[in-house]
Amino acid sequence: CDLNGVPEATVTTILLSAGADPAHVRPLVAYQCAIDAVTDRCFPSYALQRGAHAFGAVPQFELLVLAGILRRGWAISVADHEGMGGYFGAAREPGYRVLDGVRAALAFAPLGLEPDNQVGVIGYSGGGMASAWTAEMAPEYAPELNLVGAALGAPVGDPGQTFIRLNGGFHAALPALVVAGLRHAYPGLAKVINEHANLEGMRKLKELETLDTVTAMAKFRHNDFDDYIDAPLADLLATPEVLHVFEDLRMGHRTPTCPLLVVQGTHDQMIHVEDIDGLVERYVDGGATVAYVRDRVSEHISLQVIATPAMVSWLADRFEGKSIPTGTRTVRSLSLSLRSLKGYLAMGAAALRTVLGRRL
């Protein structure tokens with residue numbers, strides 16, 4: 001269903017290694033791609049297909065990560081968590097779609113999974129945000145699922161603050177893409193835009209709905225919303241309609257009941273570490289079990305490569321019932337461990353075989 005609880009149709013892609021025996025007991029991993037776009041060309045259900053015309057869609061790059069997870073013998077569900085409309089950044093509904101996709105995967109006979117199958121959740125950046133919503137909504141929306149853990153990489157935490165910080169900068173396309181999608185989901189936001197955006201601003205929002213992530217990032221860098229409205233941006237951000245949206249998008253109002261791993265770079269140029277510190281604090285104050293790792297070396301893009309083996313290994317520990325770490329620690333780099341090195345080698349081998357078209 002959508003953020004207002006209205007039923008809707010959505011799509012989930014199921015992955016299993018070629019030749020895998022469905023009778024073999026295996027966990028299910030709900031992997032959330034960083035869709036980060038409005039156009040359906042960037043939805044995983046299309047972008048992951050062989051021959052898809054989706055250059056610049058982030059899920060195509062994440063296919064190499066998916067290959068590394070499949071190499072472990074796990075099943076994977078990949079939801080189009082933005083829904084049919086591509087409402088990038090919307091509250092709650094990414095969790096609904098992911099959880100319904102998990103339900104569908106458990107009921108899909110060829111996978112051979114059971115209703116009480118172990119389920120892990122993982123995602124980075126836009127996928128980390130969708131994963132956070134999944135963990136938050138699970139207790140009330142899908143309490144029957146056996147969710148054993150959620151690994152959240154740079155999960156945004158406070159989209160409103162991220163909008164303010166990125167607007168006008170090199171990554172200005174990201175908040176612009178969010179506005180382009182969310183104006184269709186929040187009537188109050190649409191009202192403010194329709195009343196105050198100039199013709200050029202409306203044209204750019206419509207164009208953003210057609211662009212893949214990479215193209216949008218290149219074309220709309222350094223764009224400033226102040227240039228496309230008839231009132232100071234600060235004044236519009238203070239309107240009740242916009243404040244309602246910002247508050248609705250802020251995660252941490254609900255407490256996940258499954259264990260969490262949160263990974264964040266202290267020098268992330270897109271998602272500020274203070275926003276993730278605040279999200280973790282809200283989770284811990286609510287009683288959640290959280291292990292929070294802050295990486296001092298990595299920026300946003302490199303941390304996904306560096307942190308993924310650690311995040312996948314953490315999920316493996318949850319599937320194996322090992323003790324659950326808690327607390328916050330700041331490290332020089334997540335790459336500086338023997339376990340991470342083994343993870344890089346395994347995921348690198350899987351990525352290479354995928355690029356060469358070889359079976360995992």
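Helix 3 is mostly covered in this predicted model. Of its 15 residues, 11 are buried. The helix runs over residues 93-107. From first C-alpha to last it reaches 21 Å, close to the 21 Å expected at 1.5 Å a residue. The buried set opens with Glu93, Pro94, Gly95, Tyr96, Arg97, Val98 and Leu99. Gly101, Val102, Ala105 and Leu106 complete the list. An α-helix has 3.6 residues a turn, so residues three or four places apart point the same way.

What lies over these buried residues? The cover includes strand 1 (12-15), strand 2 (28-32), strand 3 (75-79) and strand 4 (118-124). Helix 4 (126-141) is also part of the cover. Arginine 103 belongs to the 93-107 stretch of helix 3. Its charged end sits over the ring of tyrosine 141, 4.9 Å from the ring centre. A second arginine is placed over an aromatic ring elsewhere: arginine 318 lies over the face of tryptophan 314, at 4.9 Å from the ring centre.

Strand 4 leads on to strand 5. The two pair in the parallel sense over 7 bridges. One of the bridge partnerships joins glutamine 118 to asparagine 146 in strand 5. Strand 5 covers residues 146-153. Because 7 of its 8 residues are buried, strand 5 is largely enclosed by the rest of the structure.

Next come the aromatic pairs. The whole structure holds 4 of them. Take phenylalanine 163 and phenylalanine 225. Their ring centres are 5.3 Å apart and their planes meet at 50 degrees, so the pair is tilted. Phenylalanine 163 lies in helix 5 (residues 159-166), while phenylalanine 225 is in the loop between helix 9 (213-219) and helix 10 (233-237). The pair therefore ties together parts that are 62 residues apart in sequence. Both phenylalanines are buried.

Phenylalanine 163 has another ring partner, phenylalanine 246. Here the centres are 6.1 Å apart and the planes are at 55 degrees, so this pair is tilted too. It links helix 5 with helix 11 (residues 240-249), across 83 residues of sequence. Why do these two residues count as buried? The cut-off is under 20% relative accessible area. Phenylalanine 163 counts as buried because its relative accessibility is 9%. Phenylalanine 246 counts as buried because its value is 14%. Ring pairs link Phe163, Phe225 and Phe246 into a cluster.

Helix 11 also holds aspartate 248. This residue counts as buried because its relative accessibility is 15%. Which residues does aspartate 248 touch, leaving out those up to four places away in sequence? They are Ala91, Arg92, Trp133 and Tyr186.

Tyr186 brings us to the nonpolar interior. In soluble globular proteins, nonpolar side chains tend to be buried together. The largest nonpolar core in this model has 111 residues. Tyr186 and Tyr283 have the most contacts inside that core. Helix 13 (residues 300-319) gives the core its largest share, 9 residues. Beyond its neighbours within four places in sequence, tyrosine 283 is in contact with Ala132, Glu136, Leu152, Met251, Gly252 and Arg254. Its contacts also include Thr255, Pro256, Leu260, Ala288 and Val290. A second core of 8 residues is separate, with Ile35, Phe43, Ala47 and Ala54 among its members.

Definitions and conventions. Residues numbered from 1 in each chain as written. Predicted model: local features only at pLDDT ≥ 70, side-chain atom pairs only at ≥ 80, totals over all residues. Heavy atoms only, no water. Phe/Tyr/Trp six-rings, centres within 6.5 Å; stacked < 30°, edge-to-face > 60°. Helix = DSSP H or I, 4+ residues; strand = E, 2+ residues; numbered from the N terminus. Buried < 20%, exposed > 50% of the residue type's maximum accessible area, 1.4 Å probe, protein only. Lys NZ or Arg CZ within 6 Å of the ring centre and 35° of its normal. Contact = heavy atoms within 4.5 Å. Expected span 1.5 Å × (residues − 1). Core = buried A, V, L, I, M, F, W, Y, C linked by side-chain atoms within 4.5 Å. Pairing = 2+ DSSP bridges.
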